[in-house]
Amino acid sequence: MVSRLSASDAAFFHLENTATPMYVGSLSILRKPRAGLSYETLLETVEHRLPQIPRYRQKVREVTLGLARPVWVDDRDFDITYHIRRSALPSPGSDAQLHDLIARLGSRPLDRTRPLWEMYLVEGLTKNRIAIYTKTHQALVNGMTALEIGHVIADRSQKPPEFGEDIWIPAREPSDRQLVLGAIGEWITRPTSQLAALRDTVTEVATSASELAAVGRRVAEVARTVARGTAPSSPLNTTVSRNRRFSVDQHRLEDYRLVRARYNCDINDVVLAVVAGALRNWLLSRGEPVTPTTTVRAMAPMSVYPDAELDSSGPGQAISEVSPFLVDLPVGEGNPVVRLSQIAHATESHPTAGSLVDARTIVTLSGFAPPTLHAMGIRVATGFSARLFNLLITNVPGAQKQMYVAGTKLLETYAVPPLLQNQVLAIGVTSYDGMLYFGINADRDAMSDVDVLPSLLRESLDELLEAAK
């Protein structure tokens, strides 16, 4: 089956370079079962779910001379063992070794001649654990016709559901001549296609699964975001190298609920305030000038319900939009409560504040939605010039109950967001089963001290908890 990439998908595909590969990463830590989670079992699990994500068996073919956007075509040589790989940590198999491995894997671009995804089963982790790391190109996941693979391989029960036999027969791959003729045919029959592509770029930046619903509102949000102007100068913005560092942290969700209840705000506000406090202390530790008015602008996309869902079946049934949200984090403010208040005010002023998704209702979504929601948020951020913000923060709610992959308990889940051009830090936050998991991706050269951020995040949260007593 041949289909043309959308305008935004094509933009993500062409914008990639060796320093900033356009992927969406996810790291899952699982409890190793007595019988182990074999490589063969993981292969079988993914194979059974591929019919739900058919694009994972398709590759991108470009059209000669760029006469039209590239197309998705079935990979007739699809080999799942190429995409799902095994790796083992050397003894002692520490978390630090795992994070180093993720940093190395995340710095490598995907093979553009094959379907644009990879998965690694990582063995040898201490405390009887194993890890699964997935990396998917941003052009592949749009939240509607294509979900992130981590979304569909997770189950709500230890016994995986039964799947029918998958008989997949790849379509014949078109020749270069056929692709050119198809492009010429489109120019003849649809001469306004370039204008349509421009329109799609504006509307699809919101990653809407409801086609062109509420286009006027989405365009207005894009205009408001662009109107904010360039971001303030920051050491977070410099040339990005090809090498990465990856670190993590985890907090109790109950602590965030306590602060939320005390100050009548949203958990997302508390997350952003905690990050703001950590960045403040990071800047001070570097001897950077921090004045009372110093800010760091974050792109923090919001997962929202579509208007139609709010009007009919109520929240929690579907998520069709991720809305752009630029917030100036008040890192110059020394009082943690004032920082939180300023961020909460900014959130309340956002047009979609009344339809934000929360962790209590997302459990009605099938599978494990956070990987897809992170991907949608990253698509939104990438749709804007990186000059508009200093760093990307994706924060998405996940199921508040135990999940499983191939019958194996999912213990922890971390997003591995990509670095954008001239941005040396990206943070992905996922709530799951009573915890908040921070995935911190950074440039190895510009942020050699990224390992201090987890302790700074904890200190920032402790400040808010102390104030909330």
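1. Among contacts in the protein chain between residues at least 6 apart in sequence, what percentage join residues at least 24 apart? The figure is 81%, and it is computed, like every value in this note, from a predicted model.

2. On the overall composition, the secondary structure of the protein chain comes to 14 helices and 18 strands. Of its 469 residues, 56% count as buried, while the accessible surface of the protein chain comes to about 19,500 Å², with 52% of that area belonging to carbon and sulfur atoms.

3. One sheet deserves a description of its own: three strands, in the order β1-β4-β3, form an open sheet with antiparallel pairing. Because β1 (3–4) and β3 (58–61) stand at the edges and have a single partner strand each, one side of each is left without a neighbour in the sheet. The pairing of β1 with β4 (residues 71–74) is antiparallel and runs over two bridges, and within this part of the sheet R4 stands opposite V71 of β4.

4. Helix α2 (residues 39–49) has as its buried residues Y39, L42, L43, T45, V46 and R49. These residues cover an arc of only 165 degrees around the axis, and they therefore lie on the same side of α2. As general background, an α-helix has 3.6 residues a turn, so residues three or four places apart point the same way. The cover over the buried residues of α2 includes both helices and strands, namely α3 (80–83), β5 (84–88), β6 (117–125), β7 (129–137), α5 (149–152) and β8 (154–155).

5. Turning to helix α10 (residues 267–285), V274 is found there, and this residue counts as buried because its relative accessibility is 0%, against a cut-off of under 20%. Leaving aside its neighbours within four places in sequence, V274 is in contact with H251, Y256, L457, S460, L461 and L464. In addition, V274 and P336, which are 62 residues apart in sequence, lie 8.4 Å apart in space, C-alpha to C-alpha.

6. The surface also carries a nonpolar patch, formed by L65, L67, L181, I184, W187 and I188, whose accessible area together is about 610 Å². One of these patch residues, I188, has its place in helix α6 (residues 176–189). With a relative accessible area of 65%, I188 is exposed, since that term applies over 50%; V274 in helix α10, by contrast, is buried.

Note on methods. Residues are numbered from 1 along each chain as its sequence is written. This is a predicted model: local features need pLDDT of at least 70, side-chain atom pairs count only at pLDDT 80 or more; totals for chains, interfaces and linings use all residues. Side-chain values use heavy atoms; hydrogens and water are left out. Two strands pair if DSSP finds at least two bridges between them. Helices (H or I, at least four residues) and strands (E, at least two) are DSSP runs, numbered from the N terminus. Patches are made of residues with over 30% relative accessible area and no salt bridge: like charges are joined within 9 Å, nonpolar side chains (Val, Leu, Ile, Met, Phe, Trp, Tyr) within 5 Å. Accessible areas come from the Shrake-Rupley method with a 1.4 Å probe; for residues, only the protein chains shown count as cover. A salt bridge is a side-chain nitrogen of Lys or Arg within 4 Å of a carboxyl oxygen of Asp or Glu. Buried means under 20% relative accessible area, exposed over 50%, partly exposed in between (1.4 Å probe, protein chains only). Contact means heavy atoms within 4.5 Å. The arc is that of the directions from the helix axis to the C-beta atoms.
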